[in-house]
2 protein chains.
Amino acid sequence: MIALTFMLSILSGWTFQQKIFDPLPSWNDGPAKTAIKEFVRATTDKSGKGYVQPEDRIATFDQDGTLWVEHPLYTQLMYCFGRVPDLVKAKPELKDVEPFKTVMTGDREAISKLTLPDLEKIAGYTLSGMSEDQFSAQVKDWLSNAKDPRWQKPYTELIYQPMLELMKYLRDNGYKTYIVTGGGQDFVRVYSNQTYGVPPEQVVGSVGETTYVYDTATGTSSLIKVPKMLLNDDKVGKPQGIQLIIGKRPNAAFGNTAGDQQMLEYTTTGGGARLGMLVLHDDATREYAYGPAQGLPDSKIGTFSQDLYDLAKKRGWIVISMKNDWKTIFSK
Amino acid sequence: MIALTFMLSILSGWTFQQKIFDPLPSWNDGPAKTAIKEFVRATTDKSGKGYVQPEDRIATFDQDGTLWVEHPLYTQLMYCFGRVPDLVKAKPELKDVEPFKTVMTGDREAISKLTLPDLEKIAGYTLSGMSEDQFSAQVKDWLSNAKDPRWQKPYTELIYQPMLELMKYLRDNGYKTYIVTGGGQDFVRVYSNQTYGVPPEQVVGSVGETTYVYDTATGTSSLIKVPKMLLNDDKVGKPQGIQLIIGKRPNAAFGNTAGDQQMLEYTTTGGGARLGMLVLHDDATREYAYGPAQGLPDSKIGTFSQDLYDLAKKRGWIVISMKNDWKTIFSK
């Protein structure tokens, strides 16, 4: 009798665990969730062909549109706009110069019409000229005050809960999780640990050059940000950035646009069990809907074309439908 | 009685531990060993002003002349020479072209007279044109066969035992140890884990550009090494490389030449408890003696000038005398 009770208790404990211990509670059952769990099983099962040594387990995540909201504009661009008043205060000669003049009016209609060279000029001025330490302080300060116009919440609260669960699930299975973003590497490093549990040294992003300065008068040293690109971490720049910072081919990669295509390609052509996934923004109610894949509205920010959709099918990359695969969107 | 015996056993256990547990057994007592232990104590003592959060504990190590032998020539240059026969086999048109012709003669006297542009040409040809995966395989193959001419041992066995102990001691105290080398980042990454316990992603080094290639015929992807410098990780390039790969200012840095000056400067001007150390090669019997600091013979490889020696004294950087501070030189 004792043995039977004992066995029953193990059995019910097991069923209980299976039921309540779901590492991905915000994911609906379906092909996306199944693919993730199967990938983890295959790469951590020592007896299987797909086994990956713990030190080689690398998963890379795009940020904008994959981990957090990228509409109506990339958060880092909002940051650049937000820095313009301080910039004009420090350099009054810019007050009457375009595009700074338009940004200072606060006229959203006019701002939304700024051209790409305008945006590049604003980024160039607001993302360089200061030391890396000063830049971090400026980003931290802005993040603690700025709010997304639609949700009236800090940007670092508009993080996708299912992706946080996915990152944690992979880490719990020995994976090192990296952010591989087209955004500024030093920008994302400011909040990556607190927001995603990803330490600064695990952020790969677009990088500008720096100048090293030692000040003999004060005995201090700093790296000054220079407006010259060292690595554009987008498209082919993503595998290049991964090689530069990590030096290993990832086993899993997650993105949402054509800028992530080469990262997924590089990842999934590595042999063995691999996972490539693309987030499709098809939920206008809970977040945004844009493609233009699958008849979704076109978008200038975060384009997911029908070509990319077809390529994903062909290459075995899983498309995550925010509408169908995710129970919850935001972490807070 | 029981209580007293118990207390005595704790006490004797403590004394015992203090006596036999020396984390740096290959270091003689002296200012270098004391400085290391004091640095670790200060940065890990939660009640002290110098306490550093575990996630911010970063220690950076130069490689050539700091972790392993750099005389008579940098190991990576020996590798480049070693690759020339295969290169000439693949490109027979180089057979009669200098400097390849000279290298193919095997005439050490003539090879030692090659100029810097000659060496750069050899490096350019032997370190590019292949994929990163092919390069890793070539380095691995070479390392398993090549031997240092003086010791007739594999290069990866000519590692300084006291530095291995130092790296382990720092890691045991929560430090992340990085190699920050003027040598090729992808070269060092091939053996860093096995040799130093430093995973590839914790190697910062000089980096060339790569081209991403997807081969539609085979469905494979690779990064091809291009002979164009992206980062020269020497002098001011060391703080720049540290910012690029790590994104944090180190708490401790170790080097042996003027190429490490800015890394030590950047590290030790960060405020709080900091440690900067320079290895002086003053042991001709057990290794090599070169400076020309302190009247040691001059050297083209790994120069430690009297200026650097004086600067070290002025800035509080500790000079490690291989002769006096190290009981043992090599790990094997």
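Start at the contact between the two chains of this predicted model. Select the residues where they touch: chain A gives 36 residues and chain B gives 36 residues. Chain A and chain B bury about 3,100 Å² between them. Carbon and sulfur atoms account for 51% of that area.

Next, pick out three residues on the chain A side: Glu201(A), Tyr212(A) and Leu244(A). They lose the most area to chain B, together 21% of what that side buries.

Stay on Glu201(A) and show its side chain with that of Lys248(B). The two form a salt bridge, 2.9 Å from N to O. Between chain A and chain B the count is six salt bridges. Polar contacts link 26 residue pairs across the interface, with both residues at pLDDT 80 or more.

Now colour chain A by element. Which elements each supply at least two residues to the side that touches chain B? The helices are α7 (132-145), α9 (185-189), α11 (237-245) and α12 (261-268). The strands are β2 (176-184), β3 (203-215) and β4 (220-231). Recolour by residue type, and that side of chain A divides into 13 nonpolar, 13 polar and 10 charged.

Finally, look at how the copies are arranged. A turn of 180 degrees, with a shift of 0.0 Å along the axis, lays chain A on chain B at an RMSD of 0.0 Å. The two copies are therefore related as by a two-fold rotation axis. Both copies use the same surface: 100% of the contact residues of chain A recur in chain B. To find the axis, select Ile245(A). Its C-alpha comes closest to the axis among the residues of chain A, at 2.8 Å.

Notes. Residues are numbered from 1 along each chain as its sequence is written. Chains are lettered from A and ligands numbered from 1 in the order in which they are written. This is a predicted model: local features need pLDDT of at least 70, side-chain atom pairs count only at pLDDT 80 or more; totals for chains, interfaces and linings use all residues. Side-chain values use heavy atoms; hydrogens and water are left out. Copies are superposed by least squares on the C-alpha atoms of residues with pLDDT of at least 70 in both. Contact means heavy atoms within 4.5 Å. Buried area is the accessible area (1.4 Å probe) that two parts lose on being put together, summed over both. A salt bridge is a side-chain nitrogen of Lys or Arg within 4 Å of a carboxyl oxygen of Asp or Glu. A polar contact is a pair of N or O atoms within 3.5 Å; within protein, one must be able to donate a hydrogen and the other to accept it, and residues adjacent in sequence count only if both atoms are side-chain atoms. Helices (H or I, at least four residues) and strands (E, at least two) are DSSP runs, numbered from the N terminus. Ala, Val, Leu, Ile, Met, Phe, Trp, Tyr, Cys and Pro count as nonpolar, Asp, Glu, Lys and Arg as charged, and the others, Gly among them, as polar.
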